[in-house]
Amino acid sequence: MRGMSGIPRFFRRNAVAYLFLAPWLVGFLVLTLYPMVYSLGLSFTDYDFTQPDSTQWIGLGNYQKMFGSVFGYDEFTASTGEVMRVDPYYMKSLSVTFTYVFVSVPLKLVFALAVAMLMNQKLRGVPFYRAVYYIPTLLGGSIAIAVLWRKLFEKDGLVNGVLAGLGFSDLPGWITNPNYALGTLILLTVWQFGSSMIIFLAGLKQIPEEYYDAARVDGANRVQEFFAITIPLLSPVILFNLVMQMIGAFQAFTQAYIIGGGRGGVLNSTLFYTLHLYIQGWTYHEMGYASAMAWVLLLIIGAFTAIVFRSSKWWVSYGVGE
Amino acid sequence: MASGSNQKLITAVRHGLTHLFIIALGLLMIYPIVWMIVSSFKPNNMIFSDPGIIPKAVTIDNYITGWRGYAGSTFGRFFANSLMMCAVAVVGNLISCSMAAYAFARLKFAGRNFWFMIMMITLMLPGHVTLVPRYIMFNTFGWVGSYLPILVPKFLATDAFFVFLLVQFMRTLPKEVEEAAIIDGCGKLGVYLRIIIPLAIPALVTTALFTFLWTWDDFFNHLLYLTRPDSFTVSRALRTFVGDAGAVSNWGGALAMSTLSVIPAFILFFTLQKYFVQGIATTGIKG
């Protein structure tokens with residue numbers, strides 16, 4: 001009898017809460033969980049959006065297509081017997097993305113922390129300065145700024161205009177030169193350090209002034225204070241910023257899309273991972289392959305997030321003297 | 001005494017230098033944006049040659065040519081589309097995210113911790129793993145080309161960030177208000193509507209603000225789903241200034257429309273600044 005009354009009782013106790021949760025729950029099941037399972041399935045097929053009926057299982061074919069060049073082959077025979085070509089640009093998109101993430105994120109955080117420390121002094125006008133420094137972040141993700149950035153770094157753009165005024169000559173077209181194109185995108189990202197700065201500033205305000213006073217009594221200099229007090233006490237905030245910025249950077253798309261004119265730029269120098277995924281899926285209709293790429297991206301992001309969290313044992317401290 | 005006033009002088013000089021440095025760096029930071037605004041008023045042939053921010057000649061031609069838009073639709077149409085879409089998105093997120101947050105923050109139910117953990121995981125999930133199936137699904141529904149693929153998810157609380165932000169806020173509200181209301185005969189819905197929602201207004205403003213800005217600035221979803229030029233949003237329409245090889249034919253028009261497109265963000269930022277700072281500092285909203 002208990003078993004029979006169990007379900008109605010469970011229902012009575014939880015029904016209201018689940019009604020409030022219903023929109024999120026439906027969204028999670030229909031728009032997140034189901035598509036995730038679906039795309040994992042698709043990643044083992046050659047699904048083409050325009051010819052869904054001719055879809056075939058190709059086993060690990062899409063994954064071989066991605067990583068084949070690592071093992072030194074250009075083509076391979078899929079489980080269907082069909083000969084498939086290795087994607088010649090996949091590794092390029094991976095290296096572009098890694099370079100972007102591992103250069104732009106640390107630079108952005110260093111800038112954010114430096115400016116936050118500058119503003120953490122008892123200065124008048126800090127709220128105003130904070131607002132001004134946030135403006136690039138406020139607008140930076142927009143198409144407007146991407147279009148502007150193209151203009152600034154063109155051969156006859158503003159940057160070269162200023163540099164020429166300073167006496168430089170033989171200036172390159174920064175966007176059209178494969179050596180510099182990615183650099184302009186990294187600069188665009190670092191420029192938007194406003195959010196991280198605000199988070200650091202909030203974290204710095206939590207550090208009691210007494211710690212610094214005590215350190216000064218003991219004769220510590222500024223550098224020692226920074227490494228003995230600021231960094232350890234701020235480390236949870238640094239961890240948080242690092243993880244969020246890293247996850248975001250792996251998924252960067254819009255600015256590379258606009259600056260590369262919808263492609264990967266000159267010699268694919270700005271072929272971001274997500275841009276390559278979009279081109280494969282929506283220009284070439286290789287949606288099975290795009291799904292496989294998305295899953296590998298998920299694994300990459302998961303792995304790096306896990307590494308950062310694991311490493312945090314050694315460099316993140318929670319609370320002092322506890 | 002002398003050393004005391006010396007100390008003061010040193011502090012004053014240091015502060016002065018810091019101000020100077022912050023201002024100089026700040027000017028450098030916003031220079032590109034100021035240049036964009038100023039250049040949008042320069043004649044098209046002078047934008048290239050003139051890096052300065054004081055225009056030698058002023059014109060509104062760029063605004064006239066840019067406003068003409070793309071494929072028969074003017075920027076008036078694109079702005080109306082964007083505003084409408086953002087308004088619906090804000091309503092959707094406010095309703096769905098506050099409902100989920102209320103359940104997580106204030107109600108006890110079987111499976112709460114499990115679902116909350118799931119919600120936190122989705123926070124870190126790259127959207128790309130759901131991209132292709134969502135597209136196939138929305139295409140099956142006949143939604144591609146409409147705003148539904150962008151707006152329906154807002155009513156299903158898919159922006160977990162805001163659920164998290166609202167949970168954090170609602171958890172800080174005192175238990176007593178709720179208990180008094182229940183004694184007065186309020187049901188859970190009454191508590192949600194009459195107690196929690198009014199008290200959570202600061203966090204709801206932050207939610208509305210960032211929903212508006214992100215929907216306004218979003219490009220990827222607009223690129224995927226808005227296929228007809230008369231349904232283009234501002235951000236989708238700005239892309240039409242940049243040709244496929246990356247060449248821009250009408251720079252003046254591009255800069256003029258870019259300038260107009262950032263006005264809503266500026267207005268919101270300068271009127272609601274404290275909600276920005278709160279939102280970023282408490283949840284680390286990306287950016």
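In this predicted model, 95 residues of chain A and 94 residues of chain B take part in the contact between the two chains. Putting the chains together buries about 8,200 Å², and carbon and sulfur atoms give 78% of that area. On the chain A side, three residues stand out: F20(A), W24(A) and L31(A) supply 10% of what chain A buries against chain B, more than any other three residues.

Now for chain A itself. Its secondary structure comes down to 13 helices and two strands. Laid along the principal axes, the C-alpha atoms of chain A fill a box of roughly 80 × 75 × 35 Å. How does the radius of gyration of chain A sit beside that of a compact globule of 322 residues? The globule would come out near 20 Å, but chain A has 25 Å.

What about the inside of chain A? Buried residues account for 53% of its 322 residues, where buried means under 20% relative accessible area. Among the contacts in chain A with a separation of 6 or more, 63% link residues that lie 24 or more positions apart in the chain.

That leaves the surface and the charges. Chain A exposes about 15,200 Å², with carbon and sulfur atoms supplying 64% of this area. As for charge, chain A carries 20 positive and 17 negative charges, and the mean positions of these two sets are 12 Å apart.

Methods. Residues numbered from 1 in each chain as written. Chains lettered and ligands numbered in written order. Predicted model: local features only at pLDDT ≥ 70, side-chain atom pairs only at ≥ 80, totals over all residues. Heavy atoms only, no water. Helix = DSSP H or I, 4+ residues; strand = E, 2+ residues; numbered from the N terminus. Rg over C-alpha atoms; globule rule 2.2 N^0.38 Å. Buried < 20%, exposed > 50% of the residue type's maximum accessible area, 1.4 Å probe, protein only. Contact = heavy atoms within 4.5 Å. Areas by Shrake-Rupley, 256 points an atom, 1.4 Å probe, with all protein chains shown as cover. Lys, Arg positive; Asp, Glu negative; His and termini not counted. Charge placed at Lys NZ, Arg CZ, Asp CG, Glu CD. Buried area = accessible area lost by both parts, 1.4 Å probe.
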